[in-house]
Amino acid sequence: MNTFISLLPIILMFVIFYFLLIRPQQKRQKQVRQMQADLQKGDKVVTIGGFHAEIHALDEDTVVLQSGDGPRLTYDRTAIREVKNDNAQ
């Protein structure tokens with residue numbers, strides 16, 4: 001019983017870290033993976049590096065982006081940070 005009482009603060013600290021740090025980060029990662037899986041041709045996106053472009057073509061792991069009349073650039077799907085919504089502008 002003494003061992004359990006001495007381990008209780010450590011267990012309690014782990015539970016607090018789980019609900020304050022680990023769980024929200026896992027939810028955010030799941031949302032990002034879902035957004036990257038739902039990409040479609042014609043979506044306006046922003047990459048992690050800040051490149052604003054429109055999706056020209058999609059592959060399983062890559063995305064071809066084009067900004068205006070500029071060249072087409074190939075990125076990994078994981079490089080897409082967000083999809084811009086035209087209605088929000």
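**Figure 1. The hairpin of β2 and β3 in the predicted model.** Strands β2 and β3 form a hairpin, and 3 residues lie between them. The model is a predicted one. Strand β2 covers residues 52–58, and its pairing with β3 is antiparallel, with 4 bridges. Within this pair, Ala 57 of β2 stands opposite Val 64 of β3.

**Figure 2. The two faces of strand β3.** Strand β3 runs over residues 62–66, and its side chains alternate along the strand. In a regular strand, side chains point in turn to the two faces of the sheet. On one face of β3 are Val 63 and Leu 65, which are buried. Thr 62, Val 64 and Gln 66 point to the other face and are not buried.

**Figure 3. The hairpin of β3 and β4.** Strands β3 and β4 pair in the antiparallel sense, with 5 bridges between them. Val 64, which stands opposite Ala 57 on the β2 side, stands opposite Thr 74 in β4. The hairpin has 5 residues between its strands. Gly 68 in this hairpin takes a positive phi near 60°.

**Figure 4. The whole sheet and its edges.** The open sheet has 5 strands, in the order β4-β3-β2-β1-β5, and the pairing is antiparallel. Its edge strands are β4, residues 72–76, and β5, residues 80–84; each of them pairs on one side only. On average, neighbouring strands of the sheet are turned by 45° against each other, with direction ignored. Strand β1 (residues 44–47) pairs with β5 over 4 bridges, in the antiparallel sense. Thr 47 stands opposite Ile 80 of β5.

**Figure 5. Asp 43 in the loop between α1 and β1.** Helix α1 spans residues 2–37, and Asp 43 lies in the loop between this helix and β1. Asp 43 is buried and has no salt bridge. The nearest side chain of opposite charge belongs to Arg 77, at a distance of 8.4 Å. Because a salt bridge needs a side-chain nitrogen of Lys or Arg within 4 Å of a carboxyl oxygen, the 8.4 Å between Asp 43 and Arg 77 does not qualify. A polar atom of the Asp 43 side chain lies 3.0 Å from the backbone nitrogen of Gln 40. Leaving aside residues up to four places away in sequence, Asp 43 touches Asp 38, Ala 53, Glu 54, Ile 55 and Val 83.

**Figure 6. Gln 36 in helix α1.** Gln 36 lies in helix α1. Its relative accessibility is 10%, so Gln 36 counts as buried, the cut-off for buried being under 20%. The side chain of Gln 36 reaches the backbone oxygen of Thr 78 at 3.4 Å. Apart from residues up to four places away in sequence, Gln 36 touches Arg 77, Thr 78 and Ile 80. Ile 80 is also the residue of β5 that stands opposite Thr 47.

**Figure 7. The salt bridge of Arg 81 and Glu 82.** The structure holds 1 salt bridge. It joins Glu 82 to Arg 81, and the closest N and O atoms are 3.4 Å apart. Side chains of opposite charge can pair when their charged atoms come close. Arg 81 has a relative accessible area of 40% and is therefore partly exposed. Glu 82, at 30% relative accessibility, also counts as partly exposed.

Technical notes
Residues numbered from 1 in each chain as written. Predicted model: local features only at pLDDT ≥ 70, side-chain atom pairs only at ≥ 80, totals over all residues. Heavy atoms only, no water. Pairing = 2+ DSSP bridges. Axes fitted to C-alpha atoms, helices over the stretch in contact; angles between N-to-C directions. Buried < 20%, exposed > 50% of the residue type's maximum accessible area, 1.4 Å probe, protein only. Lys, Arg positive; Asp, Glu negative; His and termini not counted. Polar contact = N/O pair within 3.5 Å; in protein donor to acceptor, adjacent residues only side chain to side chain. Contact = heavy atoms within 4.5 Å.
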